[in-house]
Amino acid sequence: MKRSTKHSRKDVYQIVNERIMSSLEKGIIPWKQPWSVMGLPKNYQSGKVYKGINLWLLLSCGHGKPYYLTFKQAESLGGKIKKGSKSIPIVYWNFVYQHKETGKKLTEQEARKLPK
């Protein structure tokens, strides 16, 4: 299902590239150790540390606190988003496991139990 937007939709690679280039232009090298003693960026509600390109995108923001929420998560916790606040794009990715013979989708646990 395709989401409709008012603006033309940018390619994920273009968005990530622009953020990295912007950081480099500001003198921030996203892959150097920018995190502090507070730890790596994580989702406030789930406590999960961001992985992959999302980790580097959030580290390059230079925020004082390593906690992030989606709009819906903030609302569900009774929070409000300040008018004019800007969002940070996050790339959704996931592993999908599929049985070679049956084509059935498997959970990670089911896939790990199969012989290699």
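**Helix geometry, buried sites and a pocket**

Helix α1 covers residues 12-25, 14 residues in total. At 1.5 Å a residue, α1 should span 20 Å. Its end C-alpha atoms lie 20 Å apart, so expectation and model agree. The model is a predicted one. Both ends of α1 carry local detail. At its start, a side-chain oxygen of D11 comes to within 2.7 Å of the backbone nitrogen of Y13. Just after α1, G27 adopts a positive phi of about 85 degrees.

Helix α2 is the next element considered. Its buried residues are N54, L55, L57, L58 and L59. These buried residues pack against two elements, α1 and β2. An α-helix has 3.6 residues a turn, so residues three or four places apart point the same way. Among the buried residues of α2 are N54 and L58.

S60 belongs to the loop between α2 (52-59) and β2 (67-68). Its relative accessibility is 8%. The limit for a buried residue is under 20%, so S60 counts as buried. The C-alpha atoms of S60 and R19 are separated by 8.4 Å. Along the chain, S60 and R19 are 41 residues apart.

A further buried site is found in strand β1. This strand comprises residues 42-43 and includes N43. N43 has a relative accessible area of 9% and is therefore buried. The side chain of N43 forms a polar contact with the side chain of Q73, at 2.9 Å. Contacts of N43 were also listed without its neighbours within four places in sequence. On that basis, N43 touches K48, Y50, Y68 and Q73. Q73 thus appears both in the contact list of N43 and as its side-chain polar partner.

Pocket analysis gave the following for the second largest pocket. Its volume is about 340 Å³. The lining consists of Y97, Q98, H99, K100, E101, L106, A111, R112, L114, P115 and K116. Two elements give two or more residues to this lining: β3 (97-98) and α4 (108-113). By residue class, the lining divides into five nonpolar, two polar and four charged residues. Charged members include K100, E101, R112 and K116. Q98 and H99 are the polar members. The nonpolar members include L106, L114 and P115.

Technical notes: Residues numbered from 1 in each chain as written. Predicted model: local features only at pLDDT ≥ 70, side-chain atom pairs only at ≥ 80, totals over all residues. Heavy atoms only, no water. Helix = DSSP H or I, 4+ residues; strand = E, 2+ residues; numbered from the N terminus. Expected span 1.5 Å × (residues − 1). Polar contact = N/O pair within 3.5 Å; in protein donor to acceptor, adjacent residues only side chain to side chain. 1 Å grid on protein atoms, 1.4 Å probe; cavity = no way out; pocket = protein on both sides within 12 Å on 5 of 7 lines; lining within 4 Å. Points joined across faces, edges and corners; volume = space filled by probe spheres on them. Buried < 20%, exposed > 50% of the residue type's maximum accessible area, 1.4 Å probe, protein only. Contact = heavy atoms within 4.5 Å.
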